[in-house]
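Biologist: Take one part of this model and look at it closely: the packing of helices, and then the loops around it. Please keep it brisk and give your cut-offs.

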Amino acid sequence: MHHPPQTQIAALIDRVLARRGFLGNVFSGLAGIGLTHLLGAELTAAQPSRDGHPSAGEDATAWQAGQGQTHHTARANRVLQIFCPGGASQVDLWEHKPELERWDGKPLPGEENLVSFQGKNGNLMASPWPFVACGESGKKISSLLPHMAQHVDDIAFIHSMTSKTNTHGPGCVFMNTGHVQEGFPSAGAWLSHALGTANENLPAYVAIPDVRGEPPNGKANWSNGFLPAQHQAIVLSSQQPIRNLARPDGVTAAEEHATRDYLSLLNARHAEANPGNSELQARMAAYELAAKMQLTAPDVLDLAGESESIHRQYGTDDANPLKAAYARNCLLARRLLERGVRYVNLYCASRASGVDGLLNWDAHKTLKSDYERHCPIFDQPTAALLTDLKQRGLLADTLVLWTTEFGRMPTHQAGTTGRDHNPDGFTCWLMGAGVKGGTSYGATDEFGRRAAESPTIVWDFYATVLHLLGFDHRRLTWYYNGLDRRLTDVHGRLLDPVIQT
């Protein structure tokens, strides 16, 4: 291919740069690539920073965001967060309530006329499935989860979670960001900001939505909020690879390379003329990293190289297409984690549909048939992912979270065999790096209605998560709109019993 001499290129550059805003237009034309979150250290070094600033008397250079540094020694350096949207029932999955079985069909004492999210409640309703003792700890979980049963000795259950809302969208956002309103950074965005990327060819933060669709309130669950845009999650899944990575038809590799060289010359000349423009440096880095990801991302998304036994273990070829799709996403999550992605949000189910409980765990009317549909999708692939992480040694420094936006009532909704929303007591759990497995923290009352022992909330949960990742949640802040904002708002305490000593 014939290339013009450097003098002609330089002359062309001078003419182009005279056109106001050219570089911004060039970048905006490729903004859909959505890869600016990869910039990590390049952008963090130039951020207006009162973020993560030290307390009075501390050395201002003791910690810098995005440089791989932590406030104290970390037990984990990456996170897998498994989210089951719809409000998964604590009394049908994780927390055994013998009294609920004994009082089945009787009114809930003291709340006989209870009206909750969707109206009047009926009598107490025992779980349709028996609970079975599992592992050396003897922890009882639902017989609906035979594969997850093998992991109870590694899990720390938090049975006294509470939420500030009983509505799905705000509930999901609260569980993911620590705030009921949209516009705040998700936990993954905070970690991306705090640590930066561990692999310059891949995102620091990835969200994997279910094949059935996005969760309630969609992208607000993995938003960067007021943090810089590079900290928003890149969305991909086994059925939806990253778009715009492939070279357009009719453009050869040599032509693409020449184009990048030409843009580099433009950018370099403009940078010389504007030495204080850190945004320009970020944009230049975005192009470079996007080019790297063209080579890396297709390999990560290619599951064909995994062994037949791994595919069988996860269930990627299951006859149930929803289970097979979720299994492939579980396998993708492992591949991302082992390649240095800091935070992976993995969703099992989606937002509500016209039929309650059809697409997610929102079992208002037909609990038994709903959960007998959802649990087989969730159980084997999730357990296989946890087993795979453990066998590969990744669980030693990976923190696994299982979350949902709230739980379910121990009663049935009037006129149905389903359960209504319950933000007053439900279960989440942790597993992996630094977690004291085989433990149960807190409890709901004898029927599973309210958190009664060691009530906790999202802010406590994330204070503990950040501690295991090496951060003091009170010091991981970003100055925004006159306040030092943080994932835990102005709250948060460590749940010490679930932390290994």
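Modeller: Start with helix 11 (residues 321–338) and helix 12 (residues 367–391), which pack at an angle of about 20° with their axes 9 Å apart. That angle makes helix 11 roughly parallel to helix 12. Angles under 35 degrees count as roughly parallel, over 145 as roughly antiparallel, 65 to 115 as roughly perpendicular, and the rest as oblique. Axes are lines fitted to C-alpha atoms, for helices over the stretch in contact, and angles between N-to-C directions run from 0 to 180 degrees. Helices (H or I, at least four residues) and strands (E, at least two) are DSSP runs, numbered from the N terminus.

This is a predicted model, where local features need pLDDT of at least 70 and side-chain atom pairs count only at pLDDT 80 or more, while totals for chains, interfaces and linings use all residues. Residues are numbered from 1 along each chain as its sequence is written, and side-chain values use heavy atoms, with hydrogens and water left out.

Back to the pair. The crossing of helix 11 and helix 12 is right-handed. That term applies if the near helix is turned clockwise from the far one by less than a right angle; anticlockwise is left-handed. Helix 11 brings Leu 322, Lys 323, Tyr 326, Ala 327, Cys 330, Ala 333, Arg 334 and Leu 337 to the contact. Helix 12 meets them with Pro 376, Ile 377, Phe 378, Gln 380, Pro 381, Thr 382, Leu 385, Asp 388 and Leu 389. Contact means heavy atoms within 4.5 Å. By class, this contact has 12 nonpolar, 2 polar and 3 charged residues. Here Ala, Val, Leu, Ile, Met, Phe, Trp, Tyr, Cys and Pro count as nonpolar, Asp, Glu, Lys and Arg as charged, and the others, Gly among them, as polar. An α-helix has 3.6 residues a turn, so residues three or four places apart point the same way.

Now the loop after helix 12. Leu 395 lies between helix 12 and strand 10 (398–403). Leu 395 is buried, at a relative accessible area of 10%. Buried means under 20% relative accessible area, exposed over 50%, and partly exposed in between (1.4 Å probe, protein chains only). Leaving aside neighbours within four places in sequence, Leu 395 is in contact with Leu 389, Lys 390, Val 400, Met 431, Gly 432 and Ala 433. Leu 389 is also one of the residues of helix 12 that meet helix 11. Gly 432 is 37 residues from Leu 395 along the chain, yet their C-alpha atoms are separated by 5.1 Å.

On the other side of helix 12 comes the loop from strand 9 (343–347), and Asp 356 sits in it. Asp 356 counts as buried, at 18% relative accessibility. Asp 356 touches Gln 118, Asp 362, His 364, Lys 365 and Asp 370, not counting residues up to four places away in sequence. The C-alpha atoms of Asp 356 and Gly 418 are 9.7 Å apart, with their positions 62 residues apart along the chain. Ala 349 is in this loop between strand 9 and helix 12 too. Its phi is positive, about 110°, although Ala 349 is not a glycine. Ala 349 counts as buried, at 0% relative accessibility.

A second helix pair is worth setting beside this one. Helix 6 (residues 168–177) and helix 13 (residues 458–468) pack at an angle of about 30°, with axes 8 Å apart. Helix 6 and helix 13 are therefore roughly parallel to each other. Phe 174, Met 175 and Asn 176 of helix 6 make the contact with Val 458, Trp 459 and Tyr 462 of helix 13. These residues divide into 5 nonpolar, 1 polar and no charged. Of the 11 residues of helix 13, 10 are buried, so helix 13 is largely enclosed by the rest of the structure. Val 458, Trp 459 and Tyr 462 are among the buried ones, including also Asp 460. Gly 470 follows helix 13 with a positive phi, near 95°.

Last, the wider setting. The protein has 13 helices and 20 strands. Buried residues make up 55% of its 501 residues. Among contacts with a separation of 6 or more, 79% join residues 24 or more positions apart.
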